[in-house]
Amino acid sequence: MLLASLMAALLTSLIAVLNSVSTLVVRDFIVEFIPDFPEKKQVSAGRIIIMIVTFLGIGAAWLVYKNEEGIFKYLQTLSAYLVLPVFPAIFFGVISKKVTLKGAVASVFVGIALATLFVIDQFVGPETGKSLFPFLHHDLTLNFGYRGLWAEIIITGVLFAVSAFTVKTTPDKLATTTFSLGERIPKFEGLKDWRLQLGILSLITLFLYTWLS
């Protein structure tokens, strides 16, 4: 019964991920660029994407098997590299009005290139990686934390450099997508105020963490 429960939970999570990935690709990419894409073809494309992602997942399992540092270090490292390309564009896109769409796209592509380089170095092994990418095997570039720091600095530089020479986003669009420090703080709305709810949830989380640890 325990194994059946674990398998059911695993399958449920896997199905949710596959469904989300196929929906994301079809609705946010294919339909975005081909608005009149037929619904039946959307379903078929979603099934094909699920098959592709499934085989990629099998390949990822093989990479875990070949990784000598263990699954925990593998997941930690890959998670960091996956966040690298998009974090500066999202973070600075919300807090800064100077970021443009072309700047964000350029920074994401640079981030993908850096993350790909880091992943390749991770899986070819330390000896091969040192001969192929010697600049990644110094004291301040060997650990994935240091790599993430330098990559974020480069990606952020590209983001603002490209944004400085491209057409600025119109103020009406920025009003709904960016955070302005110049706006007045909204009045407290009582129990339905999100700040009060956040504070209560934070205190409950801190209490449970302290109590259970």
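Modeller: A residue is called buried under 20% relative accessible area, exposed over 50%, and partly exposed in between; the model discussed here is predicted.

Biologist: Is Val 83 buried, exposed or partly exposed?

Modeller: Val 83 is found in helix α3, which spans residues 71-83, and its relative accessible area is 44%. Because partly exposed covers the range between 20% and 50%, Val 83 counts as partly exposed.

Biologist: Which helix gives the largest share of the nonpolar surface patch?

Modeller: The patch is formed by Val 83, Val 86, Phe 87, Ile 90, Phe 91, Val 94 and Ile 95, with about 580 Å² of accessible area together. Five residues of the patch come from one helix, residues 87-95, and that largest share belongs to helix α4.

Biologist: Which residue forms a salt bridge with Asp 193?

Modeller: Side chains of opposite charge can pair when their charged atoms come close. Asp 193 is itself buried, at 2% relative accessible area, whereas its partner is partly exposed at 29%. The closest N and O atoms of the two are 2.8 Å apart, and the partner is Arg 195.

Biologist: Among the five aromatic pairs, what is the arrangement of Phe 133 and Phe 135?

Modeller: Phe 133 is buried at 15% relative accessible area, while Phe 135 is partly exposed at 46%. Their ring centres lie 6.4 Å apart with the planes at 75 degrees, so the pair is edge-to-face.

Biologist: And what is the arrangement of Phe 207 and Trp 211?

Modeller: Both residues are exposed, and being four residues apart in helix α9, they are separated by about one helical turn. With ring centres 6.2 Å apart and planes at 15 degrees, the pair is stacked.

Notes: Residues numbered from 1 in each chain as written. Predicted model: local features only at pLDDT ≥ 70, side-chain atom pairs only at ≥ 80, totals over all residues. Heavy atoms only, no water. Patch = residues over 30% accessible without salt bridge, like charges linked within 9 Å, V, L, I, M, F, W, Y side chains within 5 Å. Areas by Shrake-Rupley, 256 points an atom, 1.4 Å probe, with all protein chains shown as cover. Salt bridge = Lys/Arg side-chain N within 4 Å of Asp/Glu carboxyl O. Helix = DSSP H or I, 4+ residues; strand = E, 2+ residues; numbered from the N terminus. Buried < 20%, exposed > 50% of the residue type's maximum accessible area, 1.4 Å probe, protein only. Phe/Tyr/Trp six-rings, centres within 6.5 Å; stacked < 30°, edge-to-face > 60°.
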